[in-house]
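Me: I've got this model open on my screen and I'd like a close look at one part of it. Could you walk me through a charged pair that sits away from the interior, and then follow the charges from there?

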Amino acid sequence: MGDHDGFKHSGVRQTGTPKVSILPLVFLIFYEVSGGPFGIEDSVKAAGPLLAIVGVLFFAVLWGVPEALITAEMGTMFPENGGYVVWVSSALGPFWGFQQGWAKWISGVIDNALYPVLFLDYMKSSIPAFGSGLPRTMALLILTIALTYMNYRGLTIVGWVAVLLGVFSLLPFFLMGLVAVPNIEPSRWLEMDLGNTNWGLYLNTLFWKINNWDSVSTLAGEVYNPEKTIPKALSYALIVVVGGHLYPLITCTAAAPVAREFWSDGYFAEIGSILGGFWLHSWIQAGAALSNMGNFLTEMSTDSYQLLGMAERGMLPEFFAKRSRYGTPLIGILFSALGVILLSWMSFHEIMAADNYIYCFGMILEFIAFVKHRVTHPNASRPYKVPLGTVGAILLIVPPLMLIAMVMALASFKVMVVSFFAVLIGLVLQPFLAYADKKQWLRFSVSKDLPDLPDSSVFRQDEMTPLLF
């Protein structure tokens, strides 16, 4: 293919499908990363107010900012729906690109299995029948099908729904902060008991609430002017996410006595009741329930478009690249919905820990790909470039790698085993797909609308196998 040192991605051919603009993209990122402060209560339960507040800032600076910067650079360098799969494939070869795609998709589906469960957990106080049994199971199925259909109808619809849900979910916290001002006692912020700290729950909660900035890269082919829109959207979303966690934590932990044992999912609504009464309690509770719907919608979007992007690069069978009449990845949506239904039996904390563990594996590959592209293709076109040299780029990923090591080291044995088998499936699945391609059991093809990439001109399955053997 010649010298790729000056590689420039020519972009993806524009279709008649409406493109996502900056405001919906900001809220798609917001819901991919957090969806609001719901769930951050466990950090107070695990470590107290001081460490919870400091932890949000700590993770935002040492994890959120580096991941967002790397996503802005790599996502604009490769503005197509394969996202991080394409980055890793180009840098490390298509075998590792496939492993990246498998790990991230599994992580995303595991994460998405949380949200229908959390939605019903918030609703069961008003509708006790949703607590268990057949009514709960039927509600999970109906909710999953309804939200899946919304994804089927189009990404622009999902984006604007995310805007409406985001405003509705964040507004009561702004009002609660104003109501809380007369009751604030700053000394409560300093409460801490290191001898009674659940470090595993603490780190997993913060990591779960401040990660997934890279997911927007799998929507790059659906974004209007991605080279400019993605970096701006990431910066605005970072402000919304961090502010959306700090503001409620700062106001709520100081406005009411901190009884750590009560700080778990849904406790913000109880504080709303104490400070503002039934109307604020009901609004926060409704916002929490609807926020989980926003999380589900955006996670399914990025997961399904990732599968489409992999199929367009010849890494998955051709039928994954099929679009519906609304331009959405039909097969990817169905596979993601099936995964959610199959995993919805797991408990909240098991899902969160397994999601984080598998996600870490994919992030390690992303960081390696980022540095390798800087070393091997320093002059490649980068519409947005992190303002650091090669040494600075390496130093940028050191704090996130340290956090990854801590999160993985504190995982339970059960989570490690489940995650190991999930990764092992990917290692076996890739050679199987290569064999299926060779035997022509399944059809694979590379989209003619995508450019060749540096170091990896063809992504056919039959050329992946030598990388493993």
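Reply: Let's start at Arg443, which is exposed, with a relative accessible area of 58%. Keep in mind that this is a predicted model. The side chain of Arg443 meets that of Glu318 in a salt bridge, 3.1 Å from N to O. Arg443 is in the loop between α16 and α17, while Glu318 is in the loop between α12 (278-312) and α13 (330-343), so the bridge ties together parts that are 125 residues apart in sequence. Glu318 itself counts as partly exposed, at 30% relative accessibility.

Stay on that α16-α17 loop for a moment, as Gln440 lies there too, between α16 (413-438) and α17 (465-468). Most residues other than glycine have a negative phi. Gln440 has a positive one, near 60 degrees. This residue is exposed as well, because its relative accessible area is 68% and the cut-off for exposed is over 50%.

Now for the other salt bridges: a search of the whole structure finds eight. Take Arg382 and Glu73, whose side chains meet at 3.0 Å, N to O. Arg382 sits in the loop between α14 (348-376) and α15 (390-409) and Glu73 in helix α3 (residues 49-77), so this pair ties together parts 309 residues apart in sequence. Arg382 is buried, with a relative accessible area of 11%, and Glu73 counts as buried at 0%. Arg374 joins in too: Glu73, Arg374 and Arg382 are linked in a network of salt bridges.

Then there's Lys104, which forms a salt bridge with Asp214 at 2.1 Å, N to O. Lys104 belongs to helix α5 (residues 94-112) and Asp214 to the loop between α9 and α10, so parts 110 residues apart in sequence are tied together. Both Lys104 and Asp214 are buried. Lys104 also lies over the face of Tyr84, 4.4 Å from the ring centre.

While you're at the loop that holds Asp214, look at Asn212, placed between α9 (199-210) and α10 (226-255). Asn212 isn't a glycine, yet its phi is positive, at about 85 degrees. Unlike the exposed Gln440, Asn212 counts as buried, at 8% relative accessibility. One last charge to check is Lys209: its charged end sits over the ring of Trp208, 5.4 Å from the ring centre.

Key:
Residues numbered from 1 in each chain as written. Predicted model: local features only at pLDDT ≥ 70, side-chain atom pairs only at ≥ 80, totals over all residues. Heavy atoms only, no water. Lys NZ or Arg CZ within 6 Å of the ring centre and 35° of its normal. Helix = DSSP H or I, 4+ residues; strand = E, 2+ residues; numbered from the N terminus. Buried < 20%, exposed > 50% of the residue type's maximum accessible area, 1.4 Å probe, protein only. Salt bridge = Lys/Arg side-chain N within 4 Å of Asp/Glu carboxyl O.
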